[in-house]
Amino acid sequence: MITTGLTPIITEHWDKPDLYTIEGYRRVGGYQGLATAMKMDPDAIIGQIKDSGLRGRGGAGFPTGMKWGFVPQNDGKPHYLVVNADESEPGACKDIPIMLANPHALVEGVIITSYAIRASHAFIYIRGEVPHAIRKVANAVAEARAAGLIGDNILGSGFSLDVVVHSGAGAYICGEETALLDSLEGYRGQPRLKPPFPAVAGLYASPTVINNVETIANIPYILDRGVPWFRQFGTEKSPGFKVFAISGHVVHPGIYEAPLGITMRELLEYAGGIRGGGEVKFWLPGGSSVPMLTAEHLDIPLTYEDMAAAGTMLGTGTPMLFDNTVSVVKAVTRWLDFYKHESCGKCTPCREGTYWITGVLEKFEHGRGTAAEVDTLVNLCSQIAGRSFCALGDAAATPYPAALKYFRAEFEAATSTSADEQFNPVASYVFAEAATR
Amino acid sequence: MTISAETRDQLRELAARYPKSRSALLPMLHLVQSVDDEVTSEGINVCAEILGITSAEVTAVATFYTMYKRKPVGKHHIGVCTNTLCGLLGGDAVYSALSERLGIGHNEPSADGQFWLEHIECQAACTHAPVMTVDWEYMDDVTPASAVAVVDRLARGEQVESTRGPVIRDFQATEHTLAFPLDGLVNDGVAVDAKMLVGLRLANERGMSAASIPAGDA
């Protein structure tokens with residue numbers, strides 16, 4: 001088991017300027033996984049991904065092979081693959097880099113996955129605010145089509161596939177897989193009631209697999225190099241490697257690929273530590289929707305199971321780290337403002353609850369909260385968590401209780417002192433003079 | 001503005017891209033913005049007509065997604081991420097500086113029709129905080145001064161290059177790209193920068209590699 005050190009795999013050749021072209025990708029072994037896959041029975045590919053233990057990299061960590069296995073076969077309906085490239089989770093910034101640097105890994109994964117689940121149509125739903133990533137992926141699809149890897153009778157296999165690159169239009173909720181399907185069908189992006197699950201009734205009410213960009217980008221490597229190779233990385237329950245995107249008050253923010261099971265402390269060392277030799281005040285392992293942790297949690301392995309045991313989630317695996325200059329009251333208020341803005345309005349707890357939580361939190365940010373309202377907020381969050389239609393509501397109910405657990409005194413102080421009086425906002429700027437910190 | 005016969009043909013081409021034509025509505029509305037600088041009522045009606053749905057259904061979609069605007073954006077759309085990470089790392093100061101420079105607030109056009117300012121949500125570039133966008137192309141790692149300088153250069157008609165993308169064109173050109181992404185700019189500018197390579201370079205420096213790990217049954 002390899003759980004430490006950096007292991008560039010998806011990112012291994014990102015420094016080669018033509019990696020995004022089909023020639024560049026092929027030069028480093030690209031499309032060998034596809035060649036292997038097309039000689040296999042589709043069920044054997046599904047079996048191989050199940051055996052690999054690959055878990056979804058979009059945040060929930062659901063086993064990928066199991067998800068594929070839910071698609072009914074020989075049902076006479078068209079099947080669809082939809083790639084969730086709507087990366088919008090605050091703090092998540094690893095799928096867009098994958099698409100910018102290595103779009104053919106995504107396209108190769110799309111072709112293999114479509115073949116395995118017997119889909120003749122695949123869609124790559126990319127958020128609209130990233131035109132350069134959309135260009136790179138659309139170009140990769142066009143190159144693959146010109147090379148006979150997309151279209152009719154791919155590599156003489158009799159398998160045919162069309163791939164459409166689709167631009168979203170600005171709505172965080174469309175990262176929720178059923179809202180994404182409604183959006184892809186040309187409607188407002190609002191979540192659907194489950195069951196039926198997309199594997200049974202997804203796009204156009206047909207069986208549909210929805211996978212995250214990084215999940216799909218893993219597929220060619222697993223097919224090419226095999227399950228035992230893949231399972232050398234990570235842990236029994238969290239096998240493989242992860243494109244960690246580290247942001248915040250670290251000296252060298254950026255992309256670091258490592259086995260699952262590496263600790264935040266080790267990653268932080270690679271990222272040069274906290275600026276100015278400072279300390280972590282709080283950090284989130286994977287997006288604003290997972291509960292925050294503190295410096296005492298830096299040695300917990302970054303796996304799905306260990307993060308869950310610590311009361312949080314691995315999420316998107318894109319750690320955000322904040323140093324002691326940051327007001328947790330202000331950070332949480334800003335996240336809630338985001339959830340309020342992005343609530344789709346379908347269900348009452350989320351639509352109204354995010355409004356109420358944000359309203360109370362803004363009082364704290366301005367130093368006008370009351371001692372009673374510290375608990376009012378707990379109550380409000382508990383009225384949303386588990387009672388909303390989709391995970392966006394649960395996510396909105398997450399930041400405050402987690403922050404209160406570790407920083408209660410800061411909220412209590414915000415009954416008389418504003419966030420900006422407690423913490424000079426200038427000091428948290430990355431371009432701030434050290435003297436202000 | 002009127003939707004030309006050529007634009008109608010392009011809208012029909014988008015509708016034909018999908019197994020069910022309504023799936024094309026989001027790209028179609030981007031195309032409408034590329035010719036009208038906003039989602040016009042005429043654009044809504046034409047989309048409805050082509051897709052065989054009501055204008056009310058199209059309006060419901062056009063008003064749900066934040067990238068669609070119901071008044072003219074002007075030449076350049078300026079976005080500043082003010083979500084928690086970017087905002088607290090300096091995006092708030094960047095937004096204030098731009099708001100002061102342009103004399104406009106959130107989701108407002110400037111009087112001269114040159115700029116639209118918006119405080120945007122997470123742009124999936126937190127490693128490059130604070131992040132600004134010009135016509136949705138990345139302008140990474142900005143400061144208040146560098147952000148204002150970008151706007152000043154655009155106002156003077158000077159060439160500005162995205163930090164991870166091509167030379168800035170204008171809002172309508174980007175909207176066209178979102179409908180038809182094969183715009184000939186895929187090779188332009190930088191796509192992979194030092195922050196995207198920081199882990200790879202460190203691994204190479206320290207001799208850490210996954211390539212030495214054997215494939216197959218280890």
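1. Domain bounds here come from an automatic or database domain assignment. For chain B, that assignment gives domain 1 (5-64) and domain 2 (76-171). The centres of domain 1 of chain B and domain 2 of chain B, taken over C-alpha atoms, are 28 Å apart.

2. A word on the model before you look closer. This is a predicted model, in which local features need pLDDT of at least 70 and side-chain atom pairs count only at pLDDT 80 or more, while totals for chains, interfaces and linings use all residues; side-chain values use heavy atoms, with hydrogens and water left out. Residues are numbered from 1 along each chain as its sequence is written, and chains are lettered from A and ligands numbered from 1 in the order in which they are written.

3. On confidence, chain B has a mean pLDDT (the predictor's confidence in each residue, from 0 to 100) of 96, and 97% of its residues reach 70 or more. The model scores ipTM 0.97 and pTM 0.98. Where pLDDT is low, the predicted coordinates should not be read in detail.

4. Now to where the chains meet. Contact (heavy atoms within 4.5 Å) links 91 residues of chain A with 81 residues of chain B. Between them, chain A and chain B bury about 6,800 Å², with 65% coming from carbon and sulfur atoms; buried area is the accessible area (1.4 Å probe) that two parts lose on being put together, summed over both. Arg135(A), Arg188(A) and Arg334(A) supply 10% of the area that chain A buries against chain B, more than any other three residues.

5. Helix α6 of chain B is worth a look; helices (H or I, at least four residues) and strands (E, at least two) are DSSP runs, numbered from the N terminus. Its buried residues (under 20% relative accessible area, 1.4 Å probe, protein chains only) are Ala147(B), Val148(B), Val150(B), Val151(B) and Leu154(B). They line one face of α6(B), because they fall within an arc of 150° seen down its axis, the arc being that of the directions from the helix axis to the C-beta atoms. Among the elements covering them are β1 (76-81) and α5 (84-102) of chain B. After α6(B) comes Gly157(B), with a positive phi near 80°.

6. In chain A, Thr294(A) sits in the loop between β7 (280-284) and α12 (304-309). Thr294(A) counts as buried because its relative accessibility is 9%. Not counting residues up to four places away in sequence, Thr294(A) touches Lys281(A), Phe282(A), Trp283(A), Tyr406(A) and Phe407(A).

Terms used
Buried means under 20% relative accessible area, exposed over 50%, partly exposed in between (1.4 Å probe, protein chains only).
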